Amino acid sequence: HRELTQELRDRYGSSAQIFPTNSLSTGFEMVASGIGVGILPHVLGRRLVEEKRITTFDPGWQATPLRFTATYIGEPRNELIERAARIAQEVAHGYGGAG
């Protein structure tokens, strides 16, 4: 969010508006309704692109790749949580992420 805000301010001044949402489907619908553009996962918008409800474009800027972390309390020991953490790490590695 900070990176996007700074990029918009650098390009357009303080008049640029951001409409954040925690819902990807809402974000896509906001773009499809013409509110503006969005930084959304390409793979999830494929259907809307095929339906010609939205289009993709190169804004000449790309955000720094996201990094995720997961933390859990080690004591008292919980085998289920430890296993869930290992699975999350394996999935991250499977998608090319760091462990």
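Partly exposed describes a residue whose relative accessible area lies between the buried limit of under 20% and the exposed limit of over 50%. Glu79, at 47% relative accessibility, therefore counts as partly exposed. The legends below describe close-up views of a predicted model.

**Figure 1. Confidence of the predicted chain.** The average pLDDT of the chain is 89, and 96% of the residues score at least 70. Among the elements of the chain, helix α2 has the highest mean pLDDT, 95, whereas α4 has the lowest, 88.

**Figure 2. Salt bridge between Arg11 and Glu7 in helix α1.** Side chains of opposite charge can pair when their charged atoms come close. Here the closest N and O atoms of Arg11 and Glu7 are 2.8 Å apart, forming a salt bridge. Both residues belong to helix α1 (residues 2-12), where four residues, about one turn of the helix, separate them. An α-helix has 3.6 residues a turn, so residues three or four places apart point the same way. Arg11 counts as partly exposed because its relative accessibility is 37%. The count of salt bridges in the model comes to five.

**Figure 3. Salt bridge between Arg53 and Glu29.** The side chains of these two residues meet with an N to O distance of 2.8 Å. This pair links distant parts of the chain, 24 residues apart: Glu29 belongs to helix α2 (residues 24-32), and Arg53 to the loop between α3 (42-50) and α4 (79-94). Arg53 has a relative accessibility of 36% and so counts as partly exposed. Glu29 is likewise partly exposed, because its relative accessible area is 37%.

**Figure 4. Salt-bridge network of Arg77, Glu79 and Glu82.** Salt bridges link these three residues in a network. Within the network, the side chains of Arg77 and Glu79 meet at 3.0 Å, N to O. Arg77 counts as exposed because its relative accessibility is 56%, whereas Glu79, at 47%, is partly exposed.

**Figure 5. Helix α4 and the cap at its N-terminal end.** Asn78 caps the N-terminal end of α4. A side-chain oxygen of Asn78 lies 3.0 Å from the backbone nitrogen of Leu80. The helix has 16 residues, which at 1.5 Å a residue should span 22 Å. The end C-alpha atoms of α4 are 22 Å apart, and so the two values agree.

**Figure 6. Backbone features in the loop between α3 and α4.** Lys52 is placed in this loop. Although Lys52 is not a glycine, its phi is positive, about 60 degrees. The relative accessibility of Lys52 is 74%, so the residue counts as exposed. Pro76 also lies in the loop between α3 and α4. The peptide bond leading from Glu75 to Pro76 is cis, with omega near 0 degrees.

**Figure 7. Position of Pro59.** Pro59 is a further residue of the loop between α3 and α4. Its relative accessible area is 36%, so Pro59 is partly exposed. Along the chain, Pro59 and Ser33 are 26 residues apart, and their C-alpha atoms are separated by 19 Å.

**Figure 8. Nonpolar surface patch of Leu24, Val43 and Leu44.** Together these three residues make a nonpolar patch of about 270 Å² on the surface. Val43, one of the three, lies in helix α3.

Technical notes
Residues are numbered from 1 along each chain as its sequence is written. This is a predicted model: local features need pLDDT of at least 70, side-chain atom pairs count only at pLDDT 80 or more; totals for chains, interfaces and linings use all residues. Side-chain values use heavy atoms; hydrogens and water are left out. A salt bridge is a side-chain nitrogen of Lys or Arg within 4 Å of a carboxyl oxygen of Asp or Glu. Helices (H or I, at least four residues) and strands (E, at least two) are DSSP runs, numbered from the N terminus. Buried means under 20% relative accessible area, exposed over 50%, partly exposed in between (1.4 Å probe, protein chains only). Patches are made of residues with over 30% relative accessible area and no salt bridge: like charges are joined within 9 Å, nonpolar side chains (Val, Leu, Ile, Met, Phe, Trp, Tyr) within 5 Å. Accessible areas come from the Shrake-Rupley method with a 1.4 Å probe; for residues, only the protein chains shown count as cover. The expected span of a helix is 1.5 Å times one less than its number of residues. A polar contact is a pair of N or O atoms within 3.5 Å; within protein, one must be able to donate a hydrogen and the other to accept it, and residues adjacent in sequence count only if both atoms are side-chain atoms. pLDDT is the predictor's confidence in each residue, from 0 to 100.
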